[in-house]
Structures are given as C-alpha cells and as structure tokens.
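Please look through the structure below, chain by chain, before reading on; the paragraphs that follow go from the sheets of one chain to the contact between two chains.

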Amino acid sequence: MDMKANKKKLGLKEKYAHMTRGLGWETTYQPMDKVFPQATFEGIKIHDWEKWEDPFRLTMDAYWKYQAEKERKLYAVLDAFAQNNGHLGITDARYLNAVKLFLTGISPLEYVAHRGFAAAGRNFPGVGPRVACLMQSIDEIRHAQTQIHALSNYNKFYEGFHAGATHQIERVWYLSVPKSFFDDAFSAGPFEWMIAIGFSFEYVLTNLLFVPFMSGAAYNGDMATVTFGFSAQSDEARHMTLGLECIKFMLEQDPDNLPIVQKWIDKWAWRGIRVLTLVGMMMDYMLPKRVMSWKEAWEIYFEQNGGALFNDLAKYGIKVPECITQCTVDKEHISHQAWATFYQYAHASAFHTWLPNDEEMDWLSAKYPNTFDKYYRPRFTQWREMADRGERFYNNTLPMLCQVCQIPMVFTEPDDPTKICYRESEYQGEKYHTCSDGCQRIFDDEPEKYIQAWLPVHQIFQGNCWPEGTDPTVEGFDPLLKVLEWYHLENGKDNMDYEGSGDQANFAAWRGMATQNT
Amino acid sequence: MSTVFIAFQTNEETRPIIESILEDNPHAVLDEQPAMVKINAEGSLVIRRASIEERIGRDFDLQELQVNLITLSGNLDEDDDQLTLAWKN
C-alpha cells in the first residue's frame with residue numbers, strides 16, 4: 001500500500017527542534033556530571049540548556065548539502081587556477097610571502113580549532129551547542145585541508161612552501177605566537193574556549209583576518225587564496241553567530257557568570273589583538289597592491305563593529321575590553337614595528353622580506369600621518385642606505401620574548417614610541433617578562449600556566465632546537481645554521497631578501513615565457 | 001544607533017540577492033570591494049525570501065545564502081521567510 005505523504009513539510013524552527021533537542025537524553029548508567037566532567041569547574045552556572053538557540057537553525061542534512069556545494073565551487077576554481085598557470089597572474093611574487101606566512105601560521109590553527117571545537121562539543125551537556133560545535137569542528141578541518149590543498153599548487157614553483165602547515169608551527173620562533181595563542185585556549189575549559197575562540201577570535205577579530213586579507217588576495221590576482229578564503233569565511237558567519245549566542249547565553253543564565261566572562265573577554269581580546277599584529281604587517285607591507293591599511297581595517301572592524309557589539313552587550317553589564325585605550329595608540333605603530341623586526345631577522349624567517357620602496361613609503365605616510373614619517377621612514381631609509389653600501393643590517397642577537405604572547409619585545413610604551421615596553425613579574429622567586437600591561441595582567445592572573453610556556457629563544461639557548469645528534473662542540477659550529485636546519489628552512493633559498501631570491505628570478509622568467517615563444 | 005552589515009561574494013548568484021536586499025531596505029548602503037560586496041545598514045536589515053524568489057523565478061531557501069556569505073554583524077534571526085540582523089539598542 002502506498003504511503004500517503006500529504007503532510008506539510010516541517011518548517012525551519014520545527015525541523016531544528018526535532019533534530020537537535022529531540023536527540024538529547026539524560027544519562028542513566030552514569031550520572032550526568034560524570035559524563036560531562038568539565039562542565040562546572042570554570043565556575044560558569046547554567047540552569048537551562050534548552051534556552052540555547054542557534055539563530056541559523058542549521059541541521060545536519062542542510063549542513064552537508066551546502067558544504068558540498070561550497071567544496072564543488074572551490075575545487076572548480078582550484079582546477080582552473082592550476083590548469084591556467086594562475087600563479088603567473090599575481091601582481092608580484094613578493095605577494096607569495098604573505099601566503100607562506102598564512103600557510104605556516106594560520107592553517108595549522110584551523111586544525112587546532114577543529115580539535116578544540118570537537119572537544120567543546122563533547123564537553124557541553126546542552127544539545128544545541130553540541131550540534132553547533134560539531135559543525136564548526138568539521139568546518140575547521142575543511143579549512144585546514146582546503147588551505148593546504150590550494151596552496152600546494154604554489155609549492156610546485158616557489159620556495160618556502162615545502163614545510164607546509166605541520167613542521168614549522170612547532171618550531172619556528174615567530175610561529176610560536178599563533179601556536180601558543182591556540183594552545184592557551186585549548187588548555188582552558190570549554191566555556192573559556194568558547195569566549196576565546198568562538199567569541200573574541202571569531203566574532204570580534206576574524207573579520208580583520210579574512211575580509212581585508214582575502215579582498216587583498218583578490219586585488220593581487222591570487223584566485224586560489226581568495227576562493228578558499230571566502231569559502232572558509234562563509235562558515236565564519238555561522239561561527240560568529242555561535243560565538244555571540246554563546247556569550248549571551250552564559251550572561252542570561254546566571255548573574256554570577258558576568259565577572260568570569262568579562263575577565264575572559266579582557267584577556268582574549270588582548271591575546272587576539274597581539275596575534276593579529278602579523279595580519280597588520282601583511283596588509284601594510286606584504287601586499288604589493290593594498291586594499292586598505294591595517295589602521296583603516298581596525299577602525300571599521302574593531303572600533304565601529306566592535307563598538308556596536310559592546311553597546312549591545314552593555315545591557316548584560318559587559319564593558320568594552322580594558323585594552324582598548326592602548327589599542328587606539330597601537331594601531332598606528334604595530335605593523336611598522338613588526339615589519340621592521342622581520343626585516344632585521346630575515347635570515348631566520350621562512351619567507352623573504354624587503355624594504356618598502358618610495359611609492360610604498362608615500363602610501364604609508366598618507367595612511368599613517370601621525371607616525372610613519374616621524375618614527376619609521378627614517379629607520380627604513382637608514383637601512384636602505386646601509387644595504388646600498390653593501391652593509392645590509394641583520395640583527396644577530398636573539399630577543400627577549402613576552403612570557404604570554406611570545407612576541408619579541410619590540411613594541412613601545414603607549415606614551416613613548418621610542419621606548420621599548422616591558423613589564424616584570426615575580427613568581428616563586430623567578431622573574432618573568434611580558435610585553436605590555438595587558439600581557440602582564442594575564443600572566444599575574446594565572447602564572448602557574450604561563451611559566452610553562454615553550455619560548456623559542458629560551459629553547460634555542462638551551463640547545464633544544466638543533467637536529468638530533470648535533471654536536472655543538474665541533475670546530476666552526478654555527479648555532480643559527482643548525483636551528484634553520486631543524487626548522488627545515490633552506491638557508492639562502494627560503495629566507496633573506498626578496499631582492500636576488502630564486503622566487504624573484506623564476507617569477508620574472510616564467511612570466512616572460514608565458515607571453516613569448518622563446 | 002549601531003550599524004549592522006552583511007557581505008557576500010560578488011557573483012551571478014548573489015546579484016539578485018543584493019538587489020532584493022537594497023530594495024527591501026531603502027536605508028541600506030552598498031559598499032563594493034574587490035571580489036565582495038558589503039551592505040551596511042543603520043539599526044537593522046532584513047532579507048526576504050519572497051523578494052529573492054521574484055527576481056530569480058524559482059523557489060529559494062534562505063539557507064542557500066550560506067554558500068556565498070562572507071560575514072555579518074548584528075543579532076541574527078532566521079525562519080523560513082526572512083533573515084533579520086539587528087542591534088537592539
């Protein structure tokens with residue numbers, strides 16, 4: 001007998017209710033608090049998980065359908081890019097150094113995010129957030145894979161892509177900055193993870209990473225990066241919504257949650273902003289054709305958009321993160337200070353650096369009228385004169401690192417941009433240094449956590465960053481060369497100046513071949 | 001008053017969606033950037049299924065927006081007929 005199927009299809013809200021709430025149950029073989037042992041130790045009080053709402057009301061069947069469509073679109077573009085020598089369409093091979101930094105510094109974080117959301121989904125007793133975290137966890141591994149896949153095409157032609165997203169993240173000095181950020185979040189409890197990554201990173205800061213940078217990739221002719229970037233970003237809108245829902249949910253559940261949540265917001269806003277220094281540098285110095293300055297992106301996505309967000313959260317008693325005053329000063333400095341650092345340490349970095357040319361310095365002056373000509377142009381000009389004399393400046397001492405964000409002490413005092421900023425704390429009779437009031441506060445709040453930091457400079461000095469079997473007592477031993485070997489960084493090929501590099505020569509030769517027959 | 005926004009990839013699929021949004025939200029402002037369009041609006045923004053269907057001449061599920069979405073800002077609410085972004089302050 002035929003089944004009658006004349007009943008109206010379920011609406012979005014009903015379908016979501018059936019496919020999330022309907023799939024949860026109270027455990028009986030073991031008590032709920034044993035099944036979900038991480039749900040309470042952070043002090044967050046939840047009385048009714050049913051109050052959790054996913055505003056997109058996405059269910060797994062719809063999720064697979066739209067994700068599959070995204071993948072089909074992405075791979076169509078990647079194939080076209082590879083088949084048509086898309087790599088020769090970029091503005092200038094200098095651009096690829098931003099992509100190398102992305103592959104080695106950001107793609108591994110997508111993988112950690114995948115693990116972190118899987119863990120958060122496992123640890124939340126509520127069904128709504130579990131489903132949302134599950135989807136985000138799958139999104140994040142998709143991002144890691146599509147990024148590695150898309151960028152592998154460049155590895156056929158250019159230096160510095162061979163170590164990919166796995167080897168260097170655990171070794172290279174500047175990559176410990178993004179790595180330690182995610183390690184810090186992942187080693188916290190599930191609620192702090194949600195504020196750290198779900199809210200602060202995804203909602204408040206991810207726009208600064210993906211939107212201007214991907215638009216910049218488009219502007220610089222990098223179809224592959226734009227496509228994976230936007231494909232990943234289409235998931236981010238959902239992640240941001242999850243982050244915002246999560247914070248509202250925690251605040252509505254119990255008034256005692258407010259001070260805990262506020263502390264995490266203060267901490268993770270500052271942690272995230274420090275990590276984004278790398279993005280600021282990419283936007284201001286590494287894109288041959290620039291979309292907007294770091295400062296402009298900061299004003300649109302943090303000051304305006306973040307301002308609207310914090311106005312909205314004010315009704316719960318949430319205040320704008322305390323670091324905002326310092327950030328307003330920093331936005332005119334950090335990208336210049338970061339690029340100047342990489343220029344000095346180009347021999348130890350897995351990408352090429354260069355000095356901005358005259359036209360680029362004029363652009364920087366126009367975008368940073370208060371700071372560039374006064375503090376940074378003279379420095380770049382001096383280095384250019386030295387390089388012209390054959391005395392290219394390399395800094396051969398290893399810098400002190402911040403115990404929290406792990407960035408070398410290169411940032412300046414908020415009230416004096418000519419003075420390096422550092423703070424000192426004492427814990428169990430040992431001194432620890434941090435780069436700012438923000439990082440010092442984080443250290444002082446949980447010193448037992450941060451004293452365990454794996455600081456690359458300390459590790460190099462302790463002899464832990466050489467290939468196995470290295471004998472530092474042999475005659476002519478060069479510690480830096482051994483460190484580079486351990487990084488899988490080929491000295492003279494992957495590092496140093498762009499000017500004179502294999503990438504520069506090959507790009508010029510291949511581009512010539514693409515338009516001529518000889 | 002705070003600004004909400006939504007951004008899409010610039011492509012053939014999003015053209016009628018953007019047109020619908022701009023018509024349904026006269027206060028919205030279009031910001032065209034390389035490879036993407038951002039629509040900014042004071043206070044709130046609504047995306048209506050019916051307006052999109054009228055332009056594309058077929059049924060449209062608002063969850064299809066996910067495919068070309070880049071980012072958004074504001075509190076979101078979605079049902080079968082419309083998606084709303086708003087700051088409630």
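**Sheets and contact**

In chain B, three strands (DSSP runs of E, at least two residues, numbered from the N terminus) make up an open, antiparallel sheet in the order β4-β7-β6, where two strands pair if DSSP finds at least two bridges between them. Its edge strands, each pairing on one side only, are β4 (44-48) and β6 (75-78) of chain B. This is a predicted model, in which local features need pLDDT of at least 70 and side-chain atom pairs count only at pLDDT 80 or more, while totals for chains, interfaces and linings use all residues. Residues are numbered from 1 along each chain as its sequence is written, and chains are lettered from A and ligands numbered from 1 in the order in which they are written.

Between β4(B) and the antiparallel β7 (residues 82-86) of chain B there are 5 bridges, and Ile47(B) has Leu83(B) in β7(B) as its bridge partner.

A further open sheet of chain B has 4 strands in the order β2-β3-β1-β5, again with antiparallel pairing, and its edge strands are β2 (29-33) and β5 (69-73) of chain B. Here 7 bridges connect β1 (residues 3-9) with β3 (residues 36-42) of chain B, and Phe5(B) has Asn40(B) in β3(B) as its bridge partner.

The contact (C-beta atoms, placed from the backbone, within 7 Å) takes 29 residues from chain A and 25 residues from chain B. On the chain A side, α9(A), a helix (a DSSP run of H or I, at least four residues), supplies the largest share, 7 residues.

Key
Two residues are in contact if their C-beta atoms, placed from the backbone, lie within 7 Å.
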